[in-house]
Amino acid sequence: MLMAWSADGDVIVAGNARPPVDDGVVLITGASAGIGRELAVQLAPRARMLVLLARRAGRLEELRASLLARHPRLQVLTVPVDLSDENDVERALAGAGEQAGAVDVLVNNAGVGDQALADQADWTRVRTMLRTNVLAVAQLTTALVPGMVQRGRGGVLNMGSGAGLTVMPAAAAYSASKHFMDGFSEALRADLSGTGVIVTQVCPGPVDSEFDQIAGSAGGMTGGPPPFLRISAAQCAREALAGFDRGVPLVFPGRAYRIVMRALPLLPRELSRRQAARSATRIRRTTGDATHRDRPGGQAGA
Ligand SMILES: NC(=O)c1ccc[n+]([C@@H]2O[C@H](COP(=O)([O-])OP(=O)(O)OC[C@H]3O[C@@H](n4cnc5c(N)ncnc54)[C@H](OP(=O)(O)O)[C@@H]3O)[C@@H](O)[C@H]2O)c1
């Protein structure tokens with residue numbers, strides 16, 4: 001296999017086609033906000049059709065109207081769906097298939113976080129998060145990738161996280177869901193090599209979006225990367241797409257964050273463990289000894 005390295009040091013598999021974004025049908029999950037919305041905005045001048053998924057139908061419709069106003073030749077299909085519900089995902093896939101036909105590129109971007117020490121986590125939130133961040137990704141990929149392989153061209157862009165490559169305090173299930181994304185993306189890429197389907201994983205650090213607020217960590221995940229590494233959703237989307245176009249396996253958006261993440265594997269894991277344990281102890285002291293019963297929507301007695 002021929003390998004090449006980009007100026008940034010990314011490994012590129014030479015000879016692989018670009019993902020069929022240009023004039024293609026691109027399905028984006030989590031397009032109603034943040035990084036997913038930015039991906040839709042930046043893909044709009046290139047794609048033939050965008051299929052936009054999220055729960056908030058109003059947000060999707062607003063985005064559709066603004067994209068069509070700027071790109072009259074673009075087709076935009078909005079599909080309101082709760083990705084944490086397997087049957088709803090099935091319904092959305094059937095509807096999208098009927099109206100959009102074959103999907104050339106799948107962008108698994110939707111995701112939610114949860115900032116809580118493991119013993120204080122709320123099961124309902126954890127379950128919804130795992131269904132959204134893990135099961136929906138596997139379900140959509142399993143449904144759409146066989147067609148790409150049959151056609152000999154396609155692309156999967158997976159939104160992972162730095163949390164999926166390290167030990168993250170007070171976010172055990174979220175971090176684990178992104179470790180799934182890492183393992184899934186790497187294995188998918190290996191399985192699909194030579195089929196014409198490009199697989200790229202993006203592992204951002206802190207990005208300006210609604211994510212932190214929804215995760216219950218306004219101001220950034222405690223114990224996460226320092227705030228100076230924060231980038232805009234637009235920059236994250238731009239660098240994600242640039243890496244995807246080059247067919248790189250893993251994108252770390254943001255220059256300073258990229259340097260940090262490339263150095264990470266050189267650190268002994270014991271250091272990450274100790275650092276995470278120190279942060280978790282600090283968080284426990286600040287949050288007090290709250291139990292999951294004290295959190296909104298907690299599962300008292302369950
Ligand atoms: N922001 C960060 O600091 C950061 C860092 C690393 C990785 N990431 C990852 O980047 C991805 C995008 O996050 P973001 O920062 O753009 O967050 P965001 O602004 O909160 O956007 C999340 C998107 O996911 C959708 N979504 C959430 N739950 C859903 C469900 N059950 N069904 C359908 N759609 C759902 C939301 O749409 P609705 O609410 O309308 O359903 C929204 O469009 C996530 O996978 C996240 O883990 C983010």
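Me: Why is Ala170 called buried?

Reply: In this predicted model, Ala170 has 26 other C-beta atoms within 10 Å. The cut-off for buried is 20 or more, so Ala170 counts as buried.

Me: Where does Ala170 lie, and what is its phi?

Reply: You will find Ala170 in the loop between strand S7 (154-159) and helix H5 (172-191). Phi of Ala170 is near 55 degrees, a positive value in a residue other than glycine.

Me: Which other residue, Asp23, has a positive phi, and why is Asp23 called exposed?

Reply: Phi of Asp23 is near 65 degrees, again positive in a residue that is not glycine. Asp23 has 10 other C-beta atoms within 10 Å. Exposed means 12 or fewer, so Asp23 is exposed. Its place is the loop between strand S2 (11-13) and S3.

Me: What makes Pro45 exposed?

Reply: Pro45 sits right on the cut-off: 12 other C-beta atoms lie within 10 Å, and 12 or fewer counts as exposed. Pro45 is therefore exposed. This proline is in the loop between H1 and S4. Its C-alpha atom is 9.8 Å from that of Pro72, although the two are 27 residues apart along the chain.

Me: Why is Glu61 called partly exposed?

Reply: Glu61 has 15 C-beta neighbours inside 10 Å. Buried needs 20 or more and exposed needs 12 or fewer, so a count of 15 falls in between and Glu61 is partly exposed. Glu61 belongs to helix H2 (residues 57-70). Its C-alpha atom and that of Pro80 are separated by 9.6 Å, with their positions 19 residues apart along the chain.

Me: How do you know that Ala31 is buried, and what is Ala31 in contact with?

Reply: Ala31 has 31 C-beta neighbours inside 10 Å. With the cut-off at 20 or more, Ala31 is therefore buried. Its place is the loop between S3 and H1. Leaving aside neighbours within four places in sequence, the contacts of Ala31 include Gly36, Arg37 and Ala40, and also Leu52, Leu53 and Ala54. The C-alpha atoms of Ala31 and Val41 are 9.4 Å apart, at 10 residues' distance along the chain.

Me: How do you know that the span of H5 agrees with what is expected?

Reply: Take the 20 residues of H5: at 1.5 Å a residue they should span 28 Å. The end C-alpha atoms of H5 are 28 Å apart, so the two values agree. Among the buried residues of H5 are Ala173, Tyr174, Met181 and Phe184. The elements covering the buried residues of H5 include H4, S7 and strand S8 (197-202).

Me: What span does helix H3 reach, and what is expected?

Reply: H3 (residues 86-100) has 15 residues and reaches 20 Å from its first C-alpha to its last. That is close to the 21 Å expected at 1.5 Å a residue.

Me: Which residues of H3 are buried, and why are they said to be on the same side?

Reply: The buried residues of H3 are Val89, Ala92 and Ala96. They cover an arc of only 60 degrees around the axis, which puts them on the same side of H3. On the other side, Asn87, Ala94 and Glu98 are exposed. Cover for the buried residues of H3 includes strand S3 (25-29), strand S4 (49-54), strand S5 (75-80) and helix H4 (123-151). Just after H3 comes Gly101, with a positive phi of about 75 degrees.

Me: Which residues are closest to the ligand, and how many surround it?

Reply: The ligand is surrounded by 31 residues, and the closest are Gly30, Gly34, Arg55, Gly111 and Ser209. Helix H1 (34-43) and helix H6 (211-215) are the elements that give two or more residues to this shell. The largest share, 3 residues, comes from H1. By class, the shell has 15 nonpolar, 11 polar and 5 charged residues.

Me: Why should residues 291-302 be read with care?

Reply: Over residues 291-302, pLDDT stays under 50. Where pLDDT is low, the predicted coordinates should not be read in detail. For the protein chain, the mean pLDDT is 91, and 88% of its residues reach 70 or more.

Key: Residues numbered from 1 in each chain as written. Predicted model: local features only at pLDDT ≥ 70, side-chain atom pairs only at ≥ 80, totals over all residues. Near = placed C-beta within 6 Å. Helix = DSSP H or I, 4+ residues; strand = E, 2+ residues; numbered from the N terminus. Nonpolar A, V, L, I, M, F, W, Y, C, P; charged D, E, K, R; others polar. Expected span 1.5 Å × (residues − 1). Arc of directions from axis to C-beta. Contact = placed C-beta atoms within 7 Å. pLDDT = per-residue confidence, 0-100.
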